[in-house]
Amino acid sequence: MIDRRLFTNFDWMLFGLILLLAAIGVANIYSASASYRIATVPFYLKQLSWLAGGLIIMVLACSIDYHVLEDLAYWSYGGVLLLLLLVMAVGKTSMGATRWLNLGFISIQPSEPMKIVIIMIFARFFSRYPVLGGLGFRQIGIPLAIVGIPAILIMKQPDLGTAIIVLLVAFSIIIFIGVQWRVVVGGVLSVVPLIYGGWHYYLRDYQKNRILNFLNPERDPLGSGYHLIQSKIAVGSGGILGKGYLHGTQTQLRFLPEQHTDFAFSVFAEEWGLAGCMVLLFLYLMLVLWGLQIAGRCNDRFGRLLALGVTAMLFWHIVINIGMVIGLFPVVGVPLPFLSYGGTSLVTSMTGVAILLNVSMRRFMF
Amino acid sequence: MNQQRYVRDTREKGRRVIWGAIFAGVIFFILITRLWYLQILQGDTLRVQSESNRLRFVPVAASRGTILDRNGKVLVSNTPSFSVAVIPQEVKEKDALFASLARYLGLDPAGLQERWEKGKGRAKYYPIIVAAGISRDQVEFLQENQLWMPGVDIEMKPVRQYPNGTLAAHLLGYLGEINEQELEANHFRSYNPGDYVGKSGLERSWEEMLHGTDGGRQIEVDARGRYLRTLSETKPAVGNSLVLTIDLVLQQAAEKAFGDQAGAAVVVDVNTGEILAFASSPSFDPALFTGRMPPDTWKAYLEDKRHPLENKALKGQYPPGSTFKIITALAGLESGLIDEHTTVNCTGAYEVGTDVFKCWDKKGHGRVDLKRAIRESCDVYFYQLGERLGVDRIAEMARRFGLGAPMGIGLENEKGGLIPTMAWKQEKFKKKWYRGETMPVSIGQGYTLLTPIQLATMTAAVANEGTVYRPYLVKRVIDPDGKVIKETKPEVLYRPQVRPNSFRLVKEGLLAVVNEPRGTGGAARLYEVKVAGKTGTSQVVKQRGPNREVAYKYRDHALFVAFAPYDKPEVAISVVIEHGEHGGAAAAPVAGAILRAYFEQKGVIKRPVPQTVDETEEEAPTGADRGEGTQQ
């Protein structure tokens with residue numbers, strides 16, 4: 001049944017890279033949560049178990065031809081969109097946000113699979129309707145609607161971080177396909193009223209605060225600006241070589257809020273310093289370039305767009321997360337792939353990598 | 001798409017991939033530049049900040065909800081208690097510090113060390129309590145000397161206060177420090193080591209409601225540990241309060257009536273199932289569990305043959321003795337085997353094959369009908385009735401009243417008693433039921449076991465003629481703002497489907513027990529209110545010499561169940577006196593005293609103007625005072 005070439009073509013390089021990043025992630029979570037009172041299963045062990053589960057699913061997923069995703073694209077899109085609507089109607093509210101659907105035995109967050117589904121549907125859409133000379137106003141309407149509806153629903157939850165990722169992934173694919181210059185100009189011009197409208201009618205107060213605090217963290221040093229100040233102190237005090245594993249004072253004293261999830265990078269930067277950060281960023285850059293390389297080598301348009309989309313997703317996660325913890329972007333709550341604690345984030349990232357592996361393995365089959 | 005266009009398209013995509021790579025590289029370069037700026041250019045400044053920026057977490061413990069009686073009288077409240085806390089990150093020389101704490105405060109150095117070890121493993125700025133419950137003087141001393149004892153802090157925590165001492169201790173339960181298994185459990189997720197949780201009674205069963213949410217303040221301190229500013233604060237949320245069905249006055253009366261006898265009493269509202277009193281005697285001091293229990297006291301509790309730590313009202317399972325004749329009688333009436341005119345000749349014993357079953361009255365009662373059999377508790381009458389009914393029909397009637405299974409009063413570990421049947425014996429012992437085994441069962445001996453809760457509930461259902469209410473203890477749960485968040489409504493467990501006439505006949509017998517000459521329960525009589533009841537004496541061991549000569553633990557249990565007023569029943573009661581020997585002599589007077597307290601409280605019985613100054617000298621009249629036959 002399984003083509004032998006699949007084994008010989010297995011992308012060990014990508015697989016190894018992921019294992020390395022995940023190992024760093026677990027070690028980092030161990031340090032970040034070492035000072036926590038552990039009443040239940042420690043975070044790093046939970047992360048390890050998700051990782052193990054994710055790896056099994058990932059390897060299994062490689063045995064299925066990714067073209068299945070092409071047939072599934074519209075169905076998945078419809079299904080996840082329905083779930084997003086369900087969240088609006090009957091979702092579980094936690095900490096002021098309604099993002100989860102309670103299925104009794106498990107809670108799911110439909111905005112997460114939407115990241116992958118958007119990649120699938122865009123890949124299918126553009127592989128069936130190739131555009132030469134860039135997308136014009138007429139051709140861009142449908143893709144914008146396809147991504148716009150879920151993005152608005154996710155923003156409503158409100159989950160600004162995920163909405164931004166979904167939009168950025170879609171835009172990355174659109175840019176890759178190519179757009180006409182007048183569309184670019186038109187887009188830029190329409191962004192201004194969009195930002196104005198969004199600021200006044202869309203963003204919640206706490207989101208506005210985050211943005212204002214980002215622009216001026218001292219504005220509210222004890223409230224929402226606190227994250228950023230503490231995070232910058234943690235990162236900066238790491239210096240060149242860092243304070244050493246398990247020795248980050250900011251981390252170990254638990255000054256950092258959410259340090260094992262969104263602020264995992266601050267923990268890493270404090271303990272490993274600039275040197276460690278360079279290594280980590282190098283690994284991430286490798287991952288992105290490898291993903292692009294897979295896209296570039298793929299002879300099948302659907303596969304290529306799929307690989308590109310996944311790479312874009314990982315790329316934006318990395319850039320926005322690190323950017324926000326070092327004070328380049330507002331804090332929007334985007335996890336760092338493989339480093340942040342959390343099953344959902346890990347599963348989404350690994351699903352993405354499974355797609356990359358899949359495309360990579362089958363690049364010679366067309 | 002033709003071949004040429006496809007090729008061009010592919011090439012174009014290839015070039016775009018390269019542009020993508022360049023874009024990614026640039027962005028990553030920007031990230032590195034920013035890191036360079038933070039970690040190299042600003043590194044020193046930020047490192048200084050990271051060291052001077054010391055935070056401390058000051059936990060603020062939430063008060064547990066109070067527990068009130070049905071009239072709002074306080075059963076359990078809270079009082080502030082002061083503890084010595086040590087913040088690990090600020091202690092330079094731990095041993096020296098502990099030595100001075102021990103010297104100046106008179107604390108035990110080993111105890112300090114032990115608590116320190118136990119509290120470790122959390123954030124270094126999280127205070128560890130090394131000594132709890134210190135005195136005002138010790139607090140003052142610490143406050144004055146805090147400067148030369150860096151890292152030492154005083155923490156205020158609310159602790160449980162029991163204004164009524166040992167009253168209802170078994171029911172209320174006590175608190176204890178959370179243990180490791182509990183910390184692992186899911187529903188204790190938000191708890192910290194050192195927290196106190198309910199370990200027994202209502203404190204345990206209603207932990208979730210009573211426990212509030214701890215708060216805390218994140219404060220910034222300077223390098224010497226002095227307060228600079230508060231960064232964030234979460235206010236503690238007080239737990240919810242429980243309003244019980246218990247009546248404090250009645251509970252007091254019940255416990256007082258026991259004197260130093262061991263046993264249990266349960267008083268229920270006949271028409272709702274509310275438990276008005278729930279006593280287990282002797283009691284213990286719940287405050288000792290929260291603080292430090294003196295080893296001598298602990299030893300004394302453990303060695304007391306009356307088992308003060310055991311909740312006899314909840315977990316005691318006793319052979320019900322003759323109180324069970326109520327069930328046998330109802331089974332007989334409902335099956336049509338007997339009516340009010342059916343008589344049996346009691347010669348003092350009943351022979352079945354080679355077995356001889358004796359009546360408690362060796363002389364024999366002569367010819368007895370149902371009413372007299374109940375009044376005088378004639379065993380032979382019930383042996384014969386039981387034999388004709390068979391064990392399963394007796395058990396079936398018992399089941400209709402919910403006997404033989406926990407009644408679900410809302411406390412953990414409620415026992416279910418035991419109602420034997422043929423099938424039960426077959427399954428349990430793999431043996432057939434012998435006919436002779438039915439006789440003891442028909443008078444509440446043999447395998448039969450009931451709890452004081454079941455006895456009271458059964459009596460209530462007889463009193464109200466056919467509704468078994470689930471007995472319950474918590475009337476309402478109210479939040480700190482006084483809003484009712486949970487209210488318990490009376491719940492019908494069973495409707496035994498017994499004809500009114502059968503109830504009437506049995507009840508007439510019960511009335512006679514207390515109020516007629518030769519009745520066995522005269523000691524429970526009240527002149528102002530008609531009381532109906534049934535005595536019971538249950539064997540602890542098969543046969544032995546006269547009770548006086550038997551060791552305490554082998555003496556018979558004394559039981560009494562009653563309800564009142566006879567015409568319009570309000571309360572039902574069960575009393576078990578462990579090793580009290582005779583139901584009529586030991587249990588009936590206790591029940592009488594409790595019922596008297598109930599009707600005094602309602603104003604039905606006027607309290608006599610006390611002759612002496614000390615009102616507590618007043619004693620409830622006992623059967624012996626009135627020269628009633630107190631033998632069962």
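Two strands count as paired if DSSP finds at least two bridges between them. Helices (H or I, at least four residues) and strands (E, at least two) are DSSP runs, numbered from the N terminus. The model shown is predicted, so local features need pLDDT of at least 70 and side-chain atom pairs count only at pLDDT 80 or more, while totals for chains, interfaces and linings use all residues. Residues are numbered from 1 along each chain as its sequence is written, chains are lettered from A and ligands numbered from 1 in the order in which they are written, and side-chain values use heavy atoms, leaving out hydrogens and water.

**View 1. Strand 10 of chain B has two partners.** Strand 10 (residues 241-244) runs parallel to strand 2 (residues 67-68) of chain B, and two bridges join them. Look for Leu68(B), whose bridge partner in strand 10 is Val243(B). With strand 18 (residues 474-478) of chain B, strand 10 pairs in the antiparallel sense over four bridges. Here Leu244(B) stands opposite Val474(B). In a regular strand the side chains alternate between the two faces of the sheet. Is strand 10 covered on one face or on both? Both are covered: Ser241(B) and Val243(B) on one side, and Leu242(B) and Leu244(B) on the other, are all buried. Buried means under 20% relative accessible area, exposed over 50%, and partly exposed in between (1.4 Å probe, protein chains only).

**View 2. Five strands of chain B make an open sheet.** Follow the order 12-11-23-22-21, with antiparallel pairing. At the edges sit strand 12 (275-281) and strand 21 (532-538), each pairing on one side only. From one strand to the next, the twist averages 5°. Strand 11 (residues 263-269) and strand 23 (residues 571-577) of chain B are joined by seven bridges. One residue to find is Gly263(B), whose bridge partner in strand 23 is Ile577(B).

**View 3. Two helices of chain B meet the sheet.** Helix 10 (residues 248-258) lies across strand 11, strand 12 and strand 23, running at about 30° to strand 12. Helix 20 (residues 452-463) packs on the sheet too, touching strand 11, strand 12, strand 22 (557-564) and strand 23, and its direction makes about 145° with that of strand 23. Axes are lines fitted to C-alpha atoms, for helices over the stretch in contact, and angles run from 0 to 180 degrees between N-to-C directions. Contact means heavy atoms within 4.5 Å.

**View 4. Val575(B) belongs to the largest nonpolar core.** A nonpolar core is a set of buried Ala, Val, Leu, Ile, Met, Phe, Trp, Tyr and Cys residues joined through side-chain atoms within 4.5 Å. This one has 125 residues, and those with the most contacts inside it include Leu244(B), Phe278(B) and Val575(B). Helix 22 (residues 583-601) of chain B gives the most to this core, with 10 residues. Not counting residues up to four places away in sequence, Val575(B) touches several residues, including Phe258(B), Ala264(B), Phe560(B) and Ile594(B).

**View 5. Cys346(B) and Cys378(B) are not bonded.** Why is there no bond from Cys346(B) to the closest cysteine sulfur? The two sulfurs are 3.7 Å apart, too far for a bond, because a disulfide is a pair of cysteine sulfur atoms within 2.5 Å. Cys346(B) is buried, with a relative accessible area of 3%. Over all chains, the structure holds zero disulfides.
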